[in-house]
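The following exercises are to be worked through with the sequence and the model in view. Each task is followed by a solution in steps.

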Amino acid sequence: MKTFSKNRGGFTSDDIKYMKLAVRLAEKGRGKTSPNPMVGAVIVKDGKIISKGYHKKAGCAHAEIEAIKNCKEPLEGSTMYVTLEPCTIYGKTPPCADEIIKHKFKEVVIGCIDPNPLVNGRGVDLIKKSGISVRKGLLENEISAQNEIFFKNIKTNMPFVCCKIASSIDGKLATKTSDSKWITSEKSRKMVQHLRKEYGCVLTGINTVLADNPLLLPRKKLGAVYSNADFDISENQKFYRVILDRRLRIKLNSNIVKTSNLAKTIIFTDTKNNLKNKSKANKIKEEGIDIMLVDTIGKSGKDSRKLDIKEILDILYKQYGITSILLEAGPTAITSFLRNNLIDKFIIFLAPKIIGGDSKYSMFSKLDIDKVKNSLKVKFAGTKKTGEDVVIFAYPAEQQL
């Protein structure tokens with residue numbers, strides 16, 4: 001991680017220390033602030049921290065307001081370190097910039113400019129015009145990465161898609177008999193439960209549903225038998241499951257259907273198949289599951305045409321307010337997302353096991369790449385151990401297909 005020596009770029013070692021604390025505070029809001037960003041704030045006066053705050057969840061006070069409210073000392077003449085530019089707009093809470101001006105801060109140090117077109121520099125300008133000193137750009141890369149979901153939403157009006165893969169070290173998702181339980185360690189599988197809760201939406205294809213009969217819910221503990229109390233979904237948290245099922249092949253006695261009361265479940269199917277499956281569709285809808293009709297794209301043929309994933313993501317964002325998705329699917333669905341340049345991040349769990357076998361159980365299906373120089377490239381962002389496994393965090397190097 002990049003750091004600055006004393007006075008480099010106008011920032012001192014103390015500046016870095018306080019902003020790092022603000023970043024750690026912001027992290028406490030992970031998975032709770034959507035559609036807002038994670039933000040942390042630290043207030044310093046005479047070389048001493050006098051208050052701290054962070055944005056706890058959407059609808060609650062922003063980090064700057066939390067820090068101001070938490071302070072027991074006079075704020076005039078103090079410095080605020082805040083990870084994201086203070087807002088200037090009225091939403092569920094009043095503008096943070098106005099409160100900073102009202103309390104006569106001496107200086108505001110900002111980590112990253114807010115990309116929201118309704119803010120985007122306006123907070124800096126307003127604070128400066130009041131006579132308060134502003135410095136910006138401290139730990140900017142770290143803070144923008146922390147808020148990668150929010151930045152993607154604001155810039156594209158689309159959900160952020162994280163592709164999670166669990167495989168053997170030779171890239172296999174299952175054996176030749178379709179057995180996949182369990183390739184990765186229990187510690188890795190527990191981490192996946194946290195990821196599900198963090199992203200708030202799990203998306204998979206019908207092949208995975210038919211093969212594994214999954215629940216796709218964040219769980220408090222792992223085990224073969226579940227009760228409603230085992231699932232980690234609070235009453236005030238929305239959680240979504242999305243199934244891509246072009247021909248509506250899902251079974252009425254599947255775990256997805258049987259647990260439809262625990263999470264909002266959405267099935268996307270082909271518009272043309274709707275009349276053929278009307279009776280089945282009505283039974284599914286009676287369970288509280290939404291069936292959304294979308295067009296298919298691609299070559300003609302029974303299995304050649306695919307659901308329009310871009311249209312699906314547009315519906316999920318605009319109609320359901322889904323800002324981030326954990327893609328937990330087989331090679332067919334993953335490759336469809338990859339071909340459409342719709343994967344923003346990879347989290348790959350590699351188990352120290354070698355399976356070999358049929359290529360249909362590999363991470364990805366056919367990409368029609370004949371030469372190594374034409375391979376799709378990713379950028380590694382980090383690795384960590386979970387139990388016996390290694391987890392790789394990576395991003396697509398560029399839009400390539």
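**Exercise 1. Determine which side chain K164 meets in a polar contact, and whether K164 is buried or exposed.**

Step 1. The side chains of K164 and E328 are joined by a polar contact of 3.3 Å; such a contact is a pair of N or O atoms within 3.5 Å, where within protein one must be able to donate a hydrogen and the other to accept it, and residues adjacent in sequence count only if both atoms are side-chain atoms. The model is predicted: local features need pLDDT of at least 70 and side-chain atom pairs pLDDT 80 or more, whereas totals for chains, interfaces and linings use all residues. Residues are numbered from 1 along each chain as its sequence is written, and side-chain values use heavy atoms, with hydrogens and water left out.

Step 2. K164 belongs to strand 6 (residues 160-168). Helices (H or I, at least four residues) and strands (E, at least two) are DSSP runs, numbered from the N terminus.

Step 3. K164 counts as buried because its relative accessibility is 14%; buried means under 20% relative accessible area, exposed over 50%, and partly exposed in between (1.4 Å probe, protein chains only).

Step 4. With neighbours within four places in sequence left aside, K164 is in contact (heavy atoms within 4.5 Å) with V192, L326, L327, E328, I347 and F349.

**Exercise 2. Describe the strand order of the open sheet of 5 strands and explain why strand 2 and strand 5 each have one side without a neighbour.**

Step 1. The order is 2-1-3-4-5, and the pairing is mixed. Two strands pair if DSSP finds at least two bridges between them.

Step 2. Strand 2 (48-54) and strand 5 (133-136) are at the edges with a single partner strand each, so one side of each has no neighbour in the sheet.

Step 3. On average, neighbouring strands of this sheet are turned by 15° against each other, direction ignored. Axes are lines fitted to C-alpha atoms, for helices over the stretch in contact, and angles run from 0 to 180 degrees between N-to-C directions.

Step 4. Within the sheet, strand 3 (residues 79-84) pairs with strand 4 (residues 107-112) in the parallel sense over 5 bridges. L84 has C112 of strand 4 as its bridge partner.

**Exercise 3. Place helix 1 against the sheet, test its length, and identify its part in the largest nonpolar core.**

Step 1. Helix 1 (residues 13-27) lies across strand 1 (40-45), strand 2, strand 3, strand 4 and strand 5, and runs at about 145° to strand 1.

Step 2. The expected span of a helix is 1.5 Å times one less than its number of residues. For the 15 residues of helix 1 this gives 21 Å, and the end C-alpha atoms are 21 Å apart, which agrees.

Step 3. The buried residues of helix 1 include I16, M19, L21 and V23. The packing partners of its buried residues are strand 1, strand 2, strand 3, strand 4, strand 5 and helix 5 (140-146).

Step 4. A nonpolar core is a set of buried Ala, Val, Leu, Ile, Met, Phe, Trp, Tyr and Cys residues joined through side-chain atoms within 4.5 Å. The largest one has 40 residues, of which M19, I43 and F105 touch the most other members. Helix 1 supplies the largest share of this core, 7 residues. Another core, of 38 residues, lies apart from it and has I165, L203, Y320 and F346 among its members.

**Exercise 4. State how many residues of strand 7 are buried and which strands pair with strand 7.**

Step 1. In strand 7 (residues 201-205), 5 of 5 residues are buried.

Step 2. C201, L203 and G205 point one way, V202 and T204 the other way. In a regular strand the side chains alternate between the two faces of the sheet.

Step 3. Strand 7 pairs in the parallel sense with strand 8 (residues 240-244) over 5 bridges, where T204 has I243 as its partner. With strand 13 (residues 324-327) the pairing is also parallel, over 2 bridges, and the bridge partner of L203 is L327.

**Exercise 5. Locate S78 and list what surrounds S78.**

Step 1. S78 is in the loop between helix 2 and strand 3, and is buried with a relative accessible area of 0%.

Step 2. A polar atom of the S78 side chain lies 2.5 Å from the backbone oxygen of L75.

Step 3. Beyond neighbours within four places in sequence, S78 is in contact with I43, V44, K45, I50, F105, K106 and E107.
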